[in-house]
Amino acid sequence: MKISYANNKVEKIFTDYRKMQRTLPADWVKAIKKHIDRLSAAECFGDFLTLGLGKPEKLTDHERIRYSLHIAPNIRLILEPKAVQDSILLSTEIEVEGVCDYHGSNENWYIP
């Protein structure tokens with residue numbers, strides 16, 4: 001699957017894990033790297049979702065279709081499949097939004 005990033009800042013951090021370790025704890029970085037590797041290995045987003053790795057959850061508070069993957073108990077990797085509603089499972093591209101503490105109405109972004 002093809003992975004793109006929300007902006008240049010996110011791309012710089014996600015393509016250099018040493019830079020990411022300056023911002024986030026090492027265990028978070030390890031979990032993020034595993035998720036990115038698994039996403040890029042999947043043929044489509046539906047294949048990744050059926051595995052259930054990272055406890056994927058659809059986020060409902062937004063206009064856009066977004067999913068989160070667990071990094072730590074309160075920390076999520078936020079993803080946006082690049083497809084319309086009826087073809088989410090067939091999507092071959094995702095956009096990484098960043099890493100945030102996603103609880104209730106508050107979003108505390110670690111990597112925006």
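**Figure 1. The buried side of helix 3 in the predicted model.** Trp-28, Val-29, Ala-31, Ile-32, His-35, Ile-36 and Leu-39 are the buried residues of helix 3. These residues lie on the same side of helix 3, because they cover an arc of only 165 degrees around the axis. Asp-27, Lys-30 and Ala-41, on the other side of the helix, are exposed. Helix 3 runs over residues 26-41, 16 residues in all. From its first C-alpha to its last it reaches 23 Å, close to the 22 Å expected at 1.5 Å a residue.

**Figure 2. The hairpin of strand 3 and strand 4.** Strand 3 (residues 66-72) pairs with strand 4 in the antiparallel sense, and 5 bridges join the two. The hairpin leaves 2 residues between the strands. Within this pairing, Tyr-67 stands opposite Leu-79 of strand 4. Strand 4 spans residues 75-81 and is mostly covered, with 7 of its 7 residues buried. On one side of strand 4 the buried residues are Ile-75, Leu-77, Leu-79 and Pro-81. On the other side they are Arg-76, Ile-78 and Glu-80, so that both faces are covered.

**Figure 3. Surroundings of Arg-66 and Ser-68 in strand 3.** Arg-66 lies in strand 3 and counts as buried because its relative accessibility is 4%, under the 20% limit. Setting aside residues within four places in sequence, Arg-66 is in contact with Glu-57, Lys-58 and Leu-59, with Ile-78, Leu-79 and Glu-80, and also with Glu-97, Glu-107 and Trp-109. Ser-68, also placed in strand 3, is buried at a relative accessible area of 1%. With residues up to four places away in sequence not counted, Ser-68 touches Lys-55, Pro-56, Glu-57 and Leu-59, together with Arg-76, Leu-77 and Ile-78.

**Figure 4. The salt bridge between Glu-57 and Arg-76.** The side chains of Glu-57 and Arg-76 meet in a salt bridge, at 3.7 Å from N to O. This pair links distant parts of the chain, for Glu-57 belongs to strand 2 (residues 57-59) and Arg-76 to strand 4, 19 residues apart. Glu-57 is partly exposed, with a relative accessible area of 36%, whereas Arg-76 is buried at 8%. Side chains of opposite charge can pair when their charged atoms come close. The count of salt bridges in the model comes to 7.

**Figure 5. A network of salt bridges that includes Lys-82.** Salt bridges link Arg-64, Glu-80, Lys-82, Glu-95 and Glu-97 in a network. Lys-82 forms one salt bridge with Glu-80, the closest N and O atoms being 3.7 Å apart. Lys-82 is partly exposed, with a relative accessibility of 37%, while Glu-80 is buried, with a relative accessible area of 9%. The side chains of Lys-82 and Glu-95 also meet in a salt bridge, at 3.5 Å from N to O. The pair of Lys-82 and Glu-95 links distant parts of the chain: Lys-82 is in the loop between strand 4 and strand 5 (93-103), Glu-95 is in strand 5, and the two are 13 residues apart. Glu-95 counts as buried at 14% relative accessibility.

**Figure 6. Aromatic pairs among buried residues.** The structure holds 4 aromatic pairs. In one of them, the rings of Tyr-5 and Phe-14 have their centres 5.8 Å apart and their planes at 35 degrees, so this pair is tilted. Tyr-5 and Phe-14 are both buried. Phe-45 and Phe-48 form a stacked pair, with 6.4 Å from centre to centre and 25 degrees between the planes. These two residues are separated by about one helical turn because they lie 3 residues apart in helix 4 (residues 45-51). Phe-45 and Phe-48 are both buried. Ring pairs also join Phe-45, Phe-48 and Tyr-67 into a cluster.

**Figure 7. Lys-19 in helix 2.** Lys-19 is found in helix 2, which spans residues 17-23. Its relative accessible area is 31%, and Lys-19 is therefore partly exposed. Not counting residues up to four places away in sequence, Lys-19 touches Lys-12 and Ile-13.

Conventions:
Residues are numbered from 1 along each chain as its sequence is written. This is a predicted model: local features need pLDDT of at least 70, side-chain atom pairs count only at pLDDT 80 or more; totals for chains, interfaces and linings use all residues. Side-chain values use heavy atoms; hydrogens and water are left out. Buried means under 20% relative accessible area, exposed over 50%, partly exposed in between (1.4 Å probe, protein chains only). Helices (H or I, at least four residues) and strands (E, at least two) are DSSP runs, numbered from the N terminus. Two strands pair if DSSP finds at least two bridges between them. Contact means heavy atoms within 4.5 Å. The expected span of a helix is 1.5 Å times one less than its number of residues. The arc is that of the directions from the helix axis to the C-beta atoms. A salt bridge is a side-chain nitrogen of Lys or Arg within 4 Å of a carboxyl oxygen of Asp or Glu. Rings of Phe, Tyr and Trp (its six-membered ring) pair if their centres lie within 6.5 Å; planes under 30 degrees apart count as stacked, over 60 as edge-to-face and the rest as tilted.
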